[in-house]
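Trainee: I should like to learn how a protein surface beside DNA is read. May we work through an example?

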2 protein chains.
Amino acid sequence: MAKTTLRADARRNTEKLRVAALLVFQEKGLHAPLDEIAQRAGVSSGTLYNRFGSREALIDAVVPELAAQSLGKVAKRALAERDPWDGFAGYVMGVCELQASCPALNDVISRRYASEQLTVICRVTEERERYIIERAQREGLLRADFTREDLLFVFWSTAMLVRHSADAAPDAWRRSVGFLLDGLRAGAAHPLPAEPLTRDQMEEVMFRLGEVGAI
Amino acid sequence: MAKTTLRADARRNTEKLRVAALLVFQEKGLHAPLDEIAQRAGVSSGTLYNRFGSREALIDAVVPELAAQSLGKVAKRALAERDPWDGFAGYVMGVCELQASCPALNDVISRRYASEQLTVICRVTEERERYIIERAQREGLLRADFTREDLLFVFWSTAMLVRHSADAAPDAWRRSVGFLLDGLRAGAAHPLPAEPLTRDQMEEVMFRLGEVGAI
DNA sequence: GGGTATCTTGACGCAAGCCTCAATTTACGT
DNA sequence: ACGTAAATTGAGGCTTGCGTCAAGATACCC
């Protein structure tokens, strides 16, 4: 039912809002107050709702492109790596770097906000990650009991670290990820104390993440 | 300036509030609504403020004992372990188990709420952890570049994981910690991509954690 | 340039959660 | 048993943020 033609001023406002939204989201994450976006666009909050209708729609109008591009670049670089371990490790570091460099991407990667478009991106990402993992495991470089679900937990950890140490110690996360990667090399493997998550469990966890508290 | 003698009803209410507070904090963490505590104690929110004056005071009246006892037990067990590596690994797992089993302890351990008493506990804990780490490093079992500040990051990661997967996958954190521990063995060590945090940086990060957003 | 459909505005209502304080109730000493 | 100091109450003010809507402003077509 979307109007196909907007009045000129409405179109202009839409554009101003997109620009402002991208700025604010990048700076403060996907839970940034919408009022601030409206204000930054020089427009009332009512207009924001008129143009987009909901936070989700606004995010979907602005963030997926950024996310797809950033994540795509990292994956591509990883796959271009000759050595599958270097590819894997580079991928992990690359994604964490995105998390550290941009609150909006951090929220996407750690699933703090789930929208339709972002979910699509996550699915694509999942495929690639499974491949990157498998490739490194096939050559016996990445430990065999590591799953893609485990990878998400890595990103969640980093999300937390980055959110709280971004200012005081912007490189702190690198150490943590460094330790972790050393634990993921096939040679380092010792038996794990728990079963991997099923995909359903993962869905459940992610579903809750998108919910209320967000925390 | 504290009144030394309370009227009988006030003393009773104080006790009811302590009980309720401990329950609610254990169940929901240290940011639980105070109104709920008052309600559970069968008392108005005004009374809670009359008796304790602030969330911080209420927490300090109730949580430190729990925290000191739990953390003490884990540390003791770790130090009783013959093998320093087992001691260290057991300590890490033990603390994470506390995080997983009790939101209040999770908040204490990951510094989501800083109060006077809790800060004292953290200081004691710090001493013990430095010792546990040093002991394992002295025998060349724990990698030499691991610091106590890094340990806090481990607990922060776990805090995040536990908070979001407690229901759907209560053991998920064990895998992550397992990977990490494998990366901490001396034999697994590869050069790290960043310097360890100074104590000042750590203070700064922790200070911010206690602040506003908490997230 | 006038009429109308479209768009914008910003004050408003809502919800949580915090904390306060005037009015009321209660315990306790005498 | 009564007076007073101590305690309790809960409505209400505060804040942040969301989302709405009647009234006013504006673009666009003729």
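Trainee: Which helix gives the most to the surface near DNA strand D?

Mentor: A residue is near a strand if one of its heavy atoms lies within 4 Å of it. Helices are DSSP runs (H or I, at least four residues), numbered from the N terminus. Here H3(B) gives the most, with four residues. This is a predicted model, in which local features need pLDDT of at least 70 and side-chain atom pairs count only at pLDDT 80 or more, while totals for chains, interfaces and linings use all residues. Residues are numbered from 1 along each chain as its sequence is written, chains are lettered from A and ligands numbered from 1 in the order in which they are written, and side-chain values use heavy atoms, leaving out hydrogens and water.

Trainee: How many residues surround DNA strand D?

Mentor: The strand is surrounded by 20 residues, and A:Ala8, A:Arg55, B:Arg7, B:Asn13 and B:Asn50 are the closest. Of the atoms of DNA strand D that come within 4 Å of the protein, sugar and phosphate account for 69%.

Trainee: What lies 2.6 Å from a base nitrogen of DNA strand D?

Mentor: A polar contact is a pair of N or O atoms within 3.5 Å; within protein, one must be able to donate a hydrogen and the other to accept it, and residues adjacent in sequence count only if both atoms are side-chain atoms. In this model, a polar side-chain atom of B:Arg7 lies at that distance from the base nitrogen. For phosphate oxygens of the strand, a polar backbone atom of A:Ala8 is 2.9 Å from one, and a backbone N or O atom of A:Leu34 lies 3.2 Å from one.

Technical notes
Helix = DSSP H or I, 4+ residues; strand = E, 2+ residues; numbered from the N terminus.
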